[in-house]
Amino acid sequence: MKIHPASPLRLLILSLFLILILAACASTTSAPAASDNESTAAPAAPPAQSAPATDALPEFCGDASQLAAELHFFNWADYMDEDIMAQFEEACGVKVTQDIYSSNEDLIAKLQAGNSGYDLVIPSDYAVQILINADLLHPLDMANIPNVANIDPNLMGMYYDPENVYSIPYQWGTTGIAYNVTAYPDGVDSWAAIFDPAQVCEQKGFASMLDDERESIGATLKYLGYSYNDTDPDHQAQARDTLLAQKECLAGYNSDNYNQTLASEEVMIAHAWSGGTALARSENENVKFVIPKEGGTIWMDNMTIPADAPNIYTAEIFINYLLSPEIGAQLSNYTYYFTPNLAAQPLLDPDYHALLESGGMLVDDAVRARLEWIKRDESSIIFSDTWTAVKAR
Amino acid sequence: MTQRRKALLAFLLGPGAGWLLLFFLLPGALVIVYSILTRKDGGGVLWIVDFSSYVKLFSPTDGAVINDFMVIFARSLWWAALTSFVCLLIGYPLAYFIALQPAHVRSTYLFLVLIPFWTNFLVRTYAWKFILNNNGLLNTLLQDWGFERIAIINTPTAVLIGLVYGSLPFMVLPLYASIEKLDFDLVEAAQDLGANYLGVFRRIILPLTAPGIGAGIVLVFIPVTGQYIVPTILGGGKVAMLGNLLAQQFGPALNWPFGSAISVIFMLLLMSAVVFYLRSENRDGEAGL
Amino acid sequence: MNERQTPGNRFLRWGKRLLWANMIFSFLFLYLPIVILVAFSFNDSKLGARWVGFTTQWYVSMAQSEAILTAMENSLIVAFVSTIIATILGTMTAMAMERFRFPFQRTYDGILYLPVIIPDIVMAVSLLAFFSLLLGGANDLLGLSGNAALRPGLVTVIIAHVAFNISFVAIVVRTSLGELDPGLEEAAQDLGANEWTTFRRVTLPLIMPGILGGALLAFTLSLDDFVITFFTTGPGGTTLPIEVFGRIRRAISPEINAISTVMLLVSMILVIVSQLVQRRTVALSSSPVKESQ
């Protein structure tokens, strides 16, 4: 009985060649990125100097002799326009590479492990506080970031970094209810629309909540008249029961693509972030947003530099670049979230601004007054237990 | 054992064992150690021994002795069992069919089974959501043909479809490896002796392919218990599974010791099941040859 | 086989029909989402279940996105390298477990199952902690810092993937080995072959299906891994699952379908090539091959 020992082996080898050829083609179109990958764990990495020797660099590129060859950016998904990074590279000769994370805790875990290699990270409000307490952030040298003056003073000095030693606002937003006017012609003004079983069950299977323990339990607490950060066991128990009563009529818990489900009318009412709702509205103008009368959350993502970042000066220059009016506007036009940059606001895309306005997403003083920050401390752990109970039963 | 054989054994076993020891057991031991340490606010651990994680795992929640964590465990095991069963139902005949094909065609079939899984898992799951959505492909077609919409998304059925879909190759491959080795002369001999096909299947084929069935069940059951993407996307995240619980503890809850404790207990449970499976296999294994 | 109309043969015919029916149903089931995926990668609309029009714009924008190309390249490199290493180590381990007896073998058997049992996120977090200790210590020892410091990256990802794939390969190969008649190998050795020759000419060809199966499994697992990869990678080490996971939040844009379709095409090319290779090998050998072996 003659077997063919060579053929599967040959197959493997052939496939290897094929893939290597394809990979080589891909790498020639993205050569700078390829060299990053190959040399990440090798000690002989490219030196940090080698900035372009030309004196013709624009002023915003800072001191060319201190610029690094590359900048490692760790950010949320779709939170940075690739064009902005390309523009910076073209002007200043610094290659900006971006990696993605999808939760603050993932970011915290990576920074705590140390030696992450990132120069610029974008934690949310409470995460900044955690990182500061753990000594994981590098103070910012504001002498390199004069554009910080463009930031709205009302958004500086937040509770997690009162002197803005470590952080500068990046984008911010709110959390409330997104709804479809065809199902709610008179609009929505209270959390009851989604928590009162009588009301939400009218949209049975077409309602969703965020899959986020702090936001969802917090919203329930707000509906019940308490604070987003209330850790009293009795109040938590009430919140749990409310959520369990609502669960039956929900389509589900969705933090990932509620903008899609809203736009495609797979869902008619959703607990949502303002940016996602704006995205949904840009695809389907029946989608509107409201911060209910009981209140909602305000949150802010911030630019910070890890304590062990290899290219601190370059990171500060890049931060300064992002704070310029044109780039600030370009950024928000892309992300659909709010810019903290006052100088950028006049430069925002007018259609985008109109969309926010007609969609009920803009924040005036009245709205601002009923927004709350989500805060964490040791007692916050009760939220996890409540959430486990809601999901388990 | 001769010196030569000892050297051969060392050569065969050494590299794999070394790799596992360094990059799997050591980190794993870290987890066991973490489970008896104290939670550090903001993630990570404080090096102070503390068994409260284990206490919490077995304490009643809201007066219920069967606490939420046990419910989630049990549910995950149930889903794993159900998925394994359905995968076996579909996968065994498929593997059998492939093994019956001429030799040069078999690997094509195997590749065809695997190719869908070389697209991204998340994308495939969202493709199913796209099909099963209330306004998805299935319902759009049904409505066009004058039928009512069926609400299949965000139900246990959708979750089962997703889980089976994601596990099928892990059942088919080991089954195929086992069935392929079957000596069909034995089958013919039995039939010549008068056995009907059912008898042949029950008394010859099934026992001889039992190792493949066992391996397939192990490769499906265990990963499914830790699954959380499919229940989240196709089930609406309404039902927490073990994977969700772990992701929550290592994530938003920033409670590494508790997450580690859950992992330790979970792995102990599964290990005992595996040990049981191995013991029973060793006893019947010889008869198969 | 005679064509007697015995109950057995009627079962046989129905059995064969059922097998065919199940096979067709299985492949329809397996490929339905894939067909949809591919079809809608050409759809001229960002969402909705309706076909709007044909366009290749998503492929264009995908090909222009450096992030996607880098991610694809990284995924393939990691999958290939880790599969090759894991297959070799896994097969060696399987041989050791099935052809030798040594103390604590049962214990090691159990240990081999651990990577299969352990939840992804636990392994991910433990490796994150472990690598940080390891690399941090190495950096201190060698005095490296800043851009020259050792950091997590594709190498640590590959190490992690091999670590969990060894077990999967070993399980599948052992299934194949376990059913092999050791008499064949004994006969070869009695005839004077040493261990290596026996392995190369008797064992290896016979367990090739198992090895191939194990390798395919390892490749698939590596390509699709998200959690472990995320926690063990470093700057510039984004793989496709991580990239897709990030993008899917904003929009399940057809771009993602386009990426998946391209990966699919690559796999299909592999299949066609392998088929051609195998046909040639079959044609070249003139000895008859037993039908069902």
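Author: Before we start, helices here are DSSP runs of H or I with at least four residues, numbered from the N terminus. Also, keep in mind that this model is predicted.

Reader: Where is B:Leu141 placed in chain B?

Author: Count the DSSP helices of chain B from the N terminus. The run covering residues 137–144 holds B:Leu141, and that run is helix 6.

Reader: OK, and why is B:Leu141 called partly exposed?

Author: Buried means under 20% relative accessible area and exposed means over 50%, with partly exposed in between. B:Leu141 gets that label because its relative accessible area is 37%.

Reader: Which residues make the nonpolar surface patch of about 370 Å²?

Author: A patch residue needs over 30% relative accessible area, and B:Leu141 has 37%. Two other residues of chain B join B:Leu141 in the patch. The full set is B:Leu141, B:Trp145 and B:Phe147.

Reader: Now the interface: how much area do chain B and chain C bury between them?

Author: Interface size is often given as the accessible area lost when the parts come together. Here 104 residues of chain B touch 107 residues of chain C. Carbon and sulfur atoms carry 77% of the buried area, and the total is about 10,000 Å². On the side of chain B, the residues losing the most area to chain C are B:Trp19, B:Phe24 and B:Trp118, together 8% of what that side buries.

Reader: Which side chains meet in a salt bridge there?

Author: Seven residue pairs are in polar contact between chain B and chain C, while the rule finds one salt bridge across their interface. Its N to O distance is 3.4 Å, and the partners are B:Arg124 and C:Asp224.

Definitions and conventions
Residues are numbered from 1 along each chain as its sequence is written. Chains are lettered from A and ligands numbered from 1 in the order in which they are written. This is a predicted model: local features need pLDDT of at least 70, side-chain atom pairs count only at pLDDT 80 or more; totals for chains, interfaces and linings use all residues. Side-chain values use heavy atoms; hydrogens and water are left out. Patches are made of residues with over 30% relative accessible area and no salt bridge: like charges are joined within 9 Å, nonpolar side chains (Val, Leu, Ile, Met, Phe, Trp, Tyr) within 5 Å. Accessible areas come from the Shrake-Rupley method with a 1.4 Å probe; for residues, only the protein chains shown count as cover. A salt bridge is a side-chain nitrogen of Lys or Arg within 4 Å of a carboxyl oxygen of Asp or Glu. Helices (H or I, at least four residues) and strands (E, at least two) are DSSP runs, numbered from the N terminus. Buried means under 20% relative accessible area, exposed over 50%, partly exposed in between (1.4 Å probe, protein chains only). Contact means heavy atoms within 4.5 Å. Buried area is the accessible area (1.4 Å probe) that two parts lose on being put together, summed over both. A polar contact is a pair of N or O atoms within 3.5 Å; within protein, one must be able to donate a hydrogen and the other to accept it, and residues adjacent in sequence count only if both atoms are side-chain atoms.
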